There are 6 protein chains.
Amino acid sequence: MEKAMPYVNIKITRDGATAEQKKALIEGVTQLLVDTLDKNPATTTVIIDEIDTDNWGIGGQTVTERRNAAK
Amino acid sequence: MEKAMPYVNIKITRDGATAEQKKALIEGVTQLLVDTLDKNPATTTVIIDEIDTDNWGIGGQTVTERRNAAK
Amino acid sequence: MEKAMPYVNIKITRDGATAEQKKALIEGVTQLLVDTLDKNPATTTVIIDEIDTDNWGIGGQTVTERRNAAK
Amino acid sequence: MEKAMPYVNIKITRDGATAEQKKALIEGVTQLLVDTLDKNPATTTVIIDEIDTDNWGIGGQTVTERRNAAK
Amino acid sequence: MEKAMPYVNIKITRDGATAEQKKALIEGVTQLLVDTLDKNPATTTVIIDEIDTDNWGIGGQTVTERRNAAK
Amino acid sequence: MEKAMPYVNIKITRDGATAEQKKALIEGVTQLLVDTLDKNPATTTVIIDEIDTDNWGIGGQTVTERRNAAK
């Protein structure tokens, strides 16, 4: 039976993740899907969204606010 | 029982929403989930995506087109 | 200028939210977008996804595991 | 019965799609939903996300890597 | 240059779309991406989500409410 | 500085993934975000969506069709 083609979307705050880090993340998550669910790595798609800290809220506050408050 | 941790994604056209407006939106939607579903505010995540008007379509037209047509 | 048409996606664990609660949530988030960003309520779309607790992870555990551990 | 209001999200790599191409895509997908599912075009929403090639992975590699390897 | 691999997510209300209609929709949107953006059909992914009418809101009401009101 | 709270959404075809496999996937992806991006595991959210093979298209065909054709 043809294996499925997983799709992964990862959202992180925009905090200067490097191209190398994003490569490692994509490689790692693709391998993880092989290891845990026997998915086909060739057709695994991973999309990373980097979100401004003004646009990410947790606990009713933006990440920007929380970081300013923690200073 | 541990309360759930809702995740909210809000997509709006990129029209100059201010950091203050986005703070109010995040605060409001987090409180709303407490009020309507008794969710835990501490772990409620809200992500706002601002979309270019060329990339948002409604009624088969981009928002850019519709605004130009309305001028 | 034509107002934008926000799109909201809310993900919650599948914990028996009633139709009444979902109506209140949809009504509330639509009004919130009017109040904070002056969006057009007529074209505000809200989609609620209810997710099985086996399929929702936080802190490296499923919500099912966490609830079992808390018993 | 009121027809449904489909919502479509299209993710493509950021490769210089023009405003004209995006208009054609939005117009086409809206018409397709009318033709195949008898949906109401007036309330069909289409959002296009353009993703940096460093942030899109396939087969465990970023699209940036794959293009460099193919040179 | 390797062509991109678009990803499309279509959300519709759960209204009895048949397997044949979903096949036609997937075939059509894949062809549309070839025609408008010269994308590679072999790697175009389309995912259709069918949403209960209690969980889809428009204009501050669920689709269930709107249909009941229109009777 | 407070670490970010990543959000991960994994879509797979509905093919009988067990609760144990989903636990392993959630544990693995959470650890991967610690290892590659130094994210905080306590606040990493992972949501798995299992999609019917009639609703997942690749190469212009549903996964159901492809599997039938491969028999």
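This briefing walks through helix packing, chain contacts and salt bridges in the structure above. Keep in mind that this is a predicted model. Two helix pairs get a look here, one between chains D and E and one between chains A and F. After that come the interface of chain F with chain A, some chains that stay apart, and the salt bridges.

**Helix α1 of chain D against helix α1 of chain E**

- Residues 19–37 form helix α1 in chain D and also helix α1 in chain E, and these helices pack at about 160° with axes 10 Å apart.
- Angles over 145 degrees count as roughly antiparallel, so that is how α1(D) and α1(E) run relative to each other.
- Where α1(D) passes α1(E), the crossing is right-handed.
- On the chain D side, the contact includes D:Gln21, D:Ala24, D:Leu25 and D:Gly28, while E:Val29, E:Leu32, E:Leu33 and E:Thr36 are among the residues that chain E brings.
- Sorting the residues of this contact gives twelve nonpolar, six polar and no charged.

**Helix α1 of chain A against helix α1 of chain F**

- Helix α1 (residues 19–37) of chain A packs on helix α1 (residues 19–37) of chain F at an angle of about 160°, and the axes sit 10 Å apart.
- That angle is why α1(A) is roughly antiparallel to α1(F).
- The two helices, α1(A) and α1(F), make a right-handed crossing.
- Among the residues in the contact are A:Gly28, A:Val29 and A:Leu32 from α1(A), along with F:Leu33, F:Thr36 and F:Leu37 from α1(F).
- Here the contact of α1(A) with α1(F) splits into twelve nonpolar, six polar and no charged residues.

**The wider interface of chain F and chain A**

- Zooming out to whole chains, 28 residues of chain F are in contact with 28 residues of chain A.
- About 2,600 Å² is buried between chain F and chain A, and carbon and sulfur atoms give 69% of that area.
- How many salt bridges cross the interface of chain F and chain A? The count is zero.

**Chains that don't touch**

- Chain A and chain C have no contact, and their closest C-alpha atoms lie 14 Å apart.
- Chain D and chain F don't touch either, with their nearest C-alpha atoms 14 Å apart.

**Salt bridges**

- Over all chains, a search of the whole structure turns up 36 salt bridges.
- One pairs the side chains of B:Lys22 and B:Glu50, at 2.8 Å from N to O.
- This pair links distant parts of the chain: B:Lys22 belongs to helix α1 (residues 19–37) of chain B and B:Glu50 to strand β2 (residues 45–51) of chain B, 28 residues apart.

Key. Residues are numbered from 1 along each chain as its sequence is written. Chains are lettered from A and ligands numbered from 1 in the order in which they are written. This is a predicted model: local features need pLDDT of at least 70, side-chain atom pairs count only at pLDDT 80 or more; totals for chains, interfaces and linings use all residues. Side-chain values use heavy atoms; hydrogens and water are left out. Axes are lines fitted to C-alpha atoms, for helices over the stretch in contact, and angles run from 0 to 180 degrees between N-to-C directions. Helices (H or I, at least four residues) and strands (E, at least two) are DSSP runs, numbered from the N terminus. Angles under 35 degrees count as roughly parallel, over 145 as roughly antiparallel, 65 to 115 as roughly perpendicular and the rest as oblique. A crossing is left-handed if the near helix is turned anticlockwise from the far one by less than a right angle, and right-handed if clockwise. Contact means heavy atoms within 4.5 Å. Ala, Val, Leu, Ile, Met, Phe, Trp, Tyr, Cys and Pro count as nonpolar, Asp, Glu, Lys and Arg as charged, and the others, Gly among them, as polar. Buried area is the accessible area (1.4 Å probe) that two parts lose on being put together, summed over both. A salt bridge is a side-chain nitrogen of Lys or Arg within 4 Å of a carboxyl oxygen of Asp or Glu.
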